[in-house]
Amino acid sequence: MNEKIYDLHCHSTASDGVLSPAELVQRAAEKGVNVLALCDHDSIAGLAEARTACQKQGIHLINGVEISTCWSGQGKDRGIHIVGLGFDETSPEMTALLAKQAALRLDRAIQIGEKLAQLGIPDAYQGAKALASGEVTRAHYARFLVQIGKVSNDTQAFKRYLSAGKPAYVKADWVDIATAIDVIHQAGGLAVLAHPLRYNMTNRWIKRLVVDFSQWHGDGIEVAGCGQSPDQRQLIARWANEHQLLASVGSDFHFPCAWIELGKSLTLPENVLPIWQRLLQ
Ligand code: AMP
Ligand code: MN
Ligand code: MN
Ligand code: MN
C-alpha cells in the first residue's frame with residue numbers, strides 16, 4: 001500500500017504565498033498530498049477557505065500557523081519561526097497573540113517603507129501592500145523592488161535592502177519562543193521548531209536553540225524539508241531523538257518553482273516519531 005503524503009508547512013496569500021488557499025489546496029491534491037497544514041506567517045486568515053477546499057478534495061487539513069519569534073543566539077537577536085499545528089483556531093489566547101503580531105508587522109512594514117523612502121525609493125509601503133492580500137511581509141517588499149526594477153530577483157532584494165544589517169532592515173519585537181509555545185499549547189496544539197538549518201547559525205548554536213526549545217516544552221522539530229541532503233536530515237533526526245521531539249515534515253512552499261514543491265521528498269528517517277501520530281490520534 002502507498003504511504004500517505006504529509007506536508008505540514010506551506011503558505012498562501014494570507015501571508016507571503018502567491019496561491020490563494022483554494023489554489024494551494026488544488027495544487028496539493030494534484031501532487032498527491034493527503035494531509036496538509038497551511039502555516040501562514042502570524043495569520044490563520046486562510047484556514048477557512050483551505051478547509052472548504054480540502055473537504056472537496058478529500059485532503060485532511062490540520063490547522064497551522066508560523067509564528068515569528070525572537071531568540072538571542074550567536075551574538076545577536078534572531079528571528080526564529082515556530083509552527084503551531086492542530087490548535088483550535090477560535091482560541092482567545094491564539095487570537096490575542098496573532099492580533100499583537102499583526103500590529104507589530106504593520107508597524108514594521110511602515111518603518112521599512114520609510115527607510116526605503118530615505119534611500120530614494122518612494123511609496124514602497126503602498127507598493128508592497130498592493131502585492132499583499134493578507135499580512136505584509138518582507139517578501140512583498142522584495143517583490144515590489146523587483147517590480148520597479150531596483151533589483152532583478154528576491155534574493156538580491158534581501159541581500160541589498162531587507163536582510164538583517166541591510167539599510168531597509170527593521171527589527172521587530174516579536175513574541176519570545178517560550179510564550180509562543182505556551183499560546184500554542186493553550187490553544188490545544190503542538191509547537192514545532194521550523195527549518196532548523198535555515199537560521200544562518202553554526203550547528204553548535206542551533207543545538208542550543210533546540211535545547212531551549214525542548215526545555216520550554218516545544219513538541220516537535222521539522223526533520224524533513226525541501227532541498228536537504230540526506231546527512232542534514234539525519235542530523236536533525238538525531239537532535240529530535242536526543243531531545244524527545246516529534247518529527248515534522250514541511251515543504252515551506254510559497255510559489256511554484258523548480259526546487260520546492262508541495263509534498264515532494266518529505267520522507268522521514270525510520271528512527272524518529274512522526275508528529276502526525278500525536279496530531280491525528
Ligand atoms: P518577514 O516575516 O516579513 O520577516 O518575511 C520573511 C519572509 O521573507 C520569509 O518567510 C521568506 O519567505 C522570505 N525571505 C526571507 N529571506 C529571504 C531571502 N534571502 N530570499 C528570498 N526570500 C526570503
Ligand atoms: Mn515566507
Ligand atoms: Mn519560516
Ligand atoms: Mn514558512
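Me: Let's start with His254. How do I read a relative accessible area: is His254 buried or exposed?

Reply: This is a predicted model, so read every value as computed from it. The cut-off is simple: under 20% counts as buried. His254 has a relative accessible area of 17%, so it is buried.

Me: Where in the chain is His254, and what does its side chain contact in the backbone?

Reply: His254 is in the loop between β8 and α10. A polar atom of its side chain lies 2.9 Å from the backbone oxygen of Asp252.

Me: Now the metals. Which residues are the protein donors of the manganese ion (ligand 2)?

Reply: When you read a metal site, bear in mind that water is not among the atoms, so a site may look incomplete. For ligand 2, the protein donors are Asp16 through OD, His41 through NE2 and His254 through NE2, lying 2.1 to 2.2 Å from the manganese ion. Along the chain, these donors follow the spacing D-x24-H-x212-H. The pair Asp16 and His254 links distant parts of the chain, 238 residues apart: Asp16 is in the loop between β1 (6-7) and α1 (21-30), while His254 is in the loop between β8 (246-249) and α10 (276-279). Both Asp16 and His254 are buried.

Me: And what coordinates the manganese ion (ligand 3)?

Reply: Read it just like the previous one. Glu66 (OE), His81 (ND1) and His195 (NE2) coordinate ligand 3, at 2.1 to 2.2 Å. The donor spacing here is E-x14-H-x113-H. Glu66 belongs to strand β3 (residues 60-73) and His81 to strand β4 (residues 76-85), with their positions 15 residues apart in the numbering, and the pair links distant parts of the chain. Glu66 and His81 are both buried.

Me: What distance separates the manganese ion (ligand 3) from the manganese ion (ligand 2)?

Reply: The two manganese ions are 5.6 Å apart.

Me: On to ligand 1. Which residues surround it, and where does it sit?

Reply: For a shell like this, the cut-off is a heavy atom within 4 Å. Ligand 1 is surrounded by Asp16, His41, Arg105, Arg108, Thr137, Arg138, Ala139, Phe158 and His254. Asp16, His41 and His254 should ring a bell, as they are the protein donors of the manganese ion (ligand 2). Ligand 1 sits in the largest pocket. The elements giving two or more residues to its shell are α3 (92-118) and α5 (138-147).

Me: How do I get from a list of neighbours to polar contacts?

Reply: Look for N or O pairs within 3.5 Å. Arg108 has a polar side-chain atom 2.4 Å from an oxygen atom of ligand 1. For His41, a polar side-chain atom is 2.8 Å from an oxygen atom of the ligand, and for Arg105 an N or O atom in the side chain is 2.9 Å from a ligand oxygen. As for cover, ligand 1 taken alone exposes 490 Å², and the protein buries 72% of that.

Me: Last one: backbone angles. What is the phi of Asn200, and what is the phi of Ser265?

Reply: Most residues other than glycine have a negative phi. Asn200 has a positive phi, near 60°, and Ser265 has a positive one too, near 50°. Asn200 is in the loop between β6 (190-193) and α8 (203-215), and its relative accessible area is 73%, so it is exposed. Ser265 is in the loop between β8 and α10; at 48% relative accessible area, Ser265 is partly exposed.

Key:
Residues numbered from 1 in each chain as written. Chains lettered and ligands numbered in written order. Predicted model: local features only at pLDDT ≥ 70, side-chain atom pairs only at ≥ 80, totals over all residues. Heavy atoms only, no water. Donors = N, O, S within 2.8 Å, 3.2 Å for Na, K, Ca; no water. Helix = DSSP H or I, 4+ residues; strand = E, 2+ residues; numbered from the N terminus. Buried < 20%, exposed > 50% of the residue type's maximum accessible area, 1.4 Å probe, protein only. Polar contact = N/O pair within 3.5 Å; in protein donor to acceptor, adjacent residues only side chain to side chain. Areas by Shrake-Rupley, 256 points an atom, 1.4 Å probe, with all protein chains shown as cover. 1 Å grid on protein atoms, 1.4 Å probe; cavity = no way out; pocket = protein on both sides within 12 Å on 5 of 7 lines; lining within 4 Å. Sits in = over half its atoms within 2 Å of the grid points.
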